[in-house]
Amino acid sequence: MASTAAAEAPPRHHILSVLVENKAGVLARVSSLFARRGFNIYSLAVAPTDDERFSRITIVVDVESSPLEQVTKQLFKLINVVKISELDPADAVERELMILTVKAEPGTRGQVIELVDVFQGRIVDVGHDELTVELAGPPSKLDDFEDLMRAYGISALQRTGRVALPKLERQARRSTSGLRALGKVG
Amino acid sequence: MKLNGGQALIKSLEMEGVEVMFGLPGGAILPVYDPIIDSPIRHILVRHEQGAGHMAEGYAHATGRPGVAMVTSGPGATNIVTPLADAMMDSIPMVVITGQVPSASIGTDAFQECDIIGVTRSVTKHNELITSAQDIPRVIHEAFHIATTGRPGPVLVDIPKDIVDPNNPNSAMDWYWPDSVDLPGYKPTVKGHPRMIREAAKLIAEAKRPVIYAGGGILKARAAAALRELAELTGISVVTTLMARGAFPDSHPLCLGMPGMHGNYTAITSMQQSDLLIALGSRFDDRVTGKVGGFAPGAKIIHVDVDPAELGKVRRPDVPIVGDCKAVIEELLIAVREGQATAAEGGGPAQPDRSEWAAQLKQWQAQFPLHYDQGWGEGDALKPQFCIEMLRDNSPEDTIVVSGVGQHQMWSSQFWRFNHPYTWINSGGLGTMGFAVPAAVGAKVGMPGRTVWAIDGDGCFQMTAQELVTASAERIPIKVAILNNAYLGMVRQWQELFYEERYSEVYLSPDLPDYKMWAEAMGCVGMRVEHPDEVVPAIEKANSIDDRPVVIDFRVDWTEKVYPMVAAGTSNDQVILGPEMGEGGH
């Protein structure tokens, strides 16, 4: 995970939302296909959907668009892959969850709590000189918060990787632009 | 009906119409071998699991029905990885059943345990570990469905011992047979998009120098008749790739033969200079295109393939059509006929005048035929091409020819005349040495009434020759012609042309082993031929034997090279016709 992402230009990333059958080994099939084609997966999140037969894998890849076409076509060929949608970052709602433990000695604790409030995070654990904070939101907001916390000393940090869905109002207005279904509609 | 998992597995294979399977038992698969005794399915006991896989492939090539192989866990399973990779590359329908250690032992490094699902993930169309005896009929039915539909390919089913062992309660199941498959992520496209079909017909009607680039997909789709109709309707000449030899008759005036690295000049150059390539079930393989940037620079591309991932993988098509080759060609025929009728109503010609192009093709064919020189004088060596021509001329016209990989494969493809589909079986994509003998056994099992000749190299033969023991024991009378040049000939050719004649580890010896004695030890008739005069009598004798396999050791000229040749990485404009054009273009 790029902890310095906030300082750099936003990555050229693509979001693939992959609906798969909820079966053993499917994640390995999907991830090994990316590995074989030499793609670096930036983040990956997987969880069951409202239909227990299917899971959704949200994959963020950092690539140019033309080789991505070949990788999505190869993904389609996996029998357990039901549907692949490519989400345009501009037309998608992206969210991520982060928990981090930050140094918060009596002298700085007030400032840390203030910043947590500003970012609408929650303090989920309190130690003698540390706090553990939960923050959910757009990945860029998490980047900003992480950057601010670094000044106080981060002792542990975990991010989930992003999940995404198409923006509704955009979809209603331009029905095909937000969610580009790449075929294989199950 | 209560069955155990082993019985359910064999019954499922029977329900799929399996008539023969190739395999070798072992610990983990033992319980499945017991019900085979009571089954009408013929089981052929191989001597090495790789042989089982290639036999299943040869059977599938020759018959169009899925080949079935069954082996045990661990080394049995890893030994069949090469045939799986081979079938994946050449889109061959095959179902491989592997035993697995009991469910409770999986992950413990048990005896003969191997994660074959993990190992074969990238060399199978699909694979699956069955976890419950109750799932066996469903998974087997799905495996055959996946292997045989869409772009065909190999499917591996891994079965833990406990769910097939009648002494284990895990093997109890209630028999059923699914009447459909429920695979929400698998719906291959068959019919072409109507707008794309019309676009394709329009390009065909406008093209002045069109060429049909027919690939192995024609044979997989059983589309040879449709292809012929399209070629004759439009008058467009056809090149047949290595995987498509026989898909269009070599005797047809519109047939240009094989393109590619060792294709003939006319086939290669017609593609280079065409203004429209109609790619039907072909995949722009590097051995066909040469340097991709220099391939057919002036051609528009119509690309028909059942696998969407092939469209645009190498060359971006002007008209991409996803669909089954047979269905699409038949739709295309209708669209072309409509276009011709409309043109006729308008008083115009049905298609542009292509007589200049046809004359050009004829001129190249006359000027640059395949050639070799068989000398008949004292000390003149026997030419491998001559052996192939004599085999061709002295065997039935519908003989099935199976080859290994290397020089003998290229000469066979060049010098045989394939006038019927499914008469040419070889390992194209993976290039698996040792393919010929077991694949020929599989083909002969599937087509017992046909003559089956394996044309093999001496290097290839040594890799899988033990399956001739299988052939003798099972009374499968294949015939094997070893073109014995005492070298790994294709490697030697590259070392001669591109490594300054520095021959590194390519010499094999003409008589170690003694192929005639080896053949006889394996229960075959063995012969040796050293002079051109002996060739035809030996072939006639071999063709008259039908109760056991025959092996002829042809001692051929080791200096002979495969020409024409387009050197790897160069453009198809640089066809080296023969040694007189300079050593590989140096």
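**Figure 1. Chain B as a whole, with its long-range contacts.** Take the contacts in chain B between residues at least 6 apart in sequence: 76% of them join residues at least 24 apart. This is a predicted model, so keep that in mind for every view that follows. Chain B holds 22 helices and 20 strands. Along the principal axes, its C-alpha trace spans about 75 × 65 × 40 Å. The radius of gyration of chain B is 25 Å, which agrees with the value near 25 Å for a compact globule of 586 residues. Of those 586 residues in chain B, 55% count as buried.

**Figure 2. The domains of chain B, and where domain 1 meets domain 2.** The domain assignment cuts chain B into domain 1 (2-174), domain 2 (194-367) and domain 3 (384-563). Between the C-alpha centres of domain 1 and domain 2 of chain B there are 39 Å. Domain 1 of chain B puts 6 residues into the contact, and domain 2 of chain B puts in 6 residues as well. On the domain 1 side that touches domain 2 of chain B, the residues sort into 1 nonpolar, 3 polar and 2 charged.

**Figure 3. An open parallel sheet in chain B.** Here 6 strands of chain B line up in the order 16-15-17-18-20-19, with parallel pairing, and the sheet is open. Strand 16 (424-425) and strand 19 (525-529) of chain B sit at the edges; each has a single partner strand, so one side of each has no neighbour in the sheet. At one of these edges, strand 19 of chain B runs parallel to strand 20 (residues 550-555) of chain B, with 5 bridges between them. Look for Gly526(B) there: its bridge partner in strand 20 of chain B is Val551(B).

**Figure 4. Strand 17 of chain B, packed from both sides.** How many residues of strand 17 (residues 452-457) of chain B are buried? The count is 6 of the 6, so strand 17 of chain B is largely enclosed by the rest of the structure. One face of strand 17 of chain B carries Val452(B), Ala454(B) and Asp456(B), the other carries Trp453(B), Ile455(B) and Gly457(B), and all of them are buried. So much for the faces; now the flanking strands. Strand 15 (residues 400-403) of chain B pairs with strand 17 of chain B in the parallel sense over 4 bridges. Val401(B) is the residue standing opposite Trp453(B) of strand 17 of chain B. Strand 18 (residues 479-484) of chain B also pairs with strand 17 of chain B in the parallel sense, over 5 bridges. Within strand 18 of chain B, Val480(B) is the bridge partner of Ala454(B).

**Figure 5. Gly67(B) and its surroundings.** Gly67(B) belongs to strand 4 (residues 67-71) of chain B. Is Gly67(B) buried or exposed? Gly67(B) counts as buried, because it has 33 C-beta neighbours inside 10 Å, and 20 is enough for that label. Leaving aside residues up to four places away in sequence, Gly67(B) touches Ala56(B), Glu57(B), Tyr59(B), Ala60(B), Met94(B) and Gly442(B). If Val139(B) is in the frame too, the C-alpha to C-alpha distance from Gly67(B) is 17 Å, with their positions 72 residues apart in sequence.

**Figure 6. Chain A against chain B.** In this view, 16 residues of chain A are in contact with 12 residues of chain B. On the chain A side, helix 1 (26-36), helix 2 (65-76) and strand 4 (81-87) each supply at least two residues. Which element of chain A gives the most to the side that touches chain B? That would be helix 2 of chain A, with 4 residues. By class, the chain A side that touches chain B comes to 4 nonpolar, 6 polar and 6 charged residues.

**Figure 7. Chain A by itself, with its low-confidence stretches.** Chain A has 5 helices and 10 strands. Of its 186 residues, 29% count as buried. For contacts in chain A with a separation of 6 or more, 74% come from residues 24 or more positions apart. The mean pLDDT of chain A is 84, and 82% of its residues reach 70 or more. Over residues 1-9 of chain A, though, the pLDDT is below 50, and this stretch has 7 contacts in the model beyond near neighbours in sequence. Residues 175-179 of chain A also stay under 50 in pLDDT, with 13 contacts beyond four places in sequence. Where pLDDT is low, the predicted coordinates should not be read in detail.

Terms used. Residues are numbered from 1 along each chain as its sequence is written. Chains are lettered from A and ligands numbered from 1 in the order in which they are written. This is a predicted model: local features need pLDDT of at least 70, side-chain atom pairs count only at pLDDT 80 or more; totals for chains, interfaces and linings use all residues. pLDDT is the predictor's confidence in each residue, from 0 to 100. Two residues are in contact if their C-beta atoms, placed from the backbone, lie within 7 Å. The radius of gyration is taken over C-alpha atoms; the globule rule is 2.2 Å times the number of residues to the power 0.38. A residue is buried if 20 or more other C-beta atoms lie within 10 Å of its own, exposed if 12 or fewer, and partly exposed in between; C-beta atoms are placed from the backbone. Ala, Val, Leu, Ile, Met, Phe, Trp, Tyr, Cys and Pro count as nonpolar, Asp, Glu, Lys and Arg as charged, and the others, Gly among them, as polar. Domain bounds come from an automatic or database domain assignment. Two strands pair if DSSP finds at least two bridges between them.
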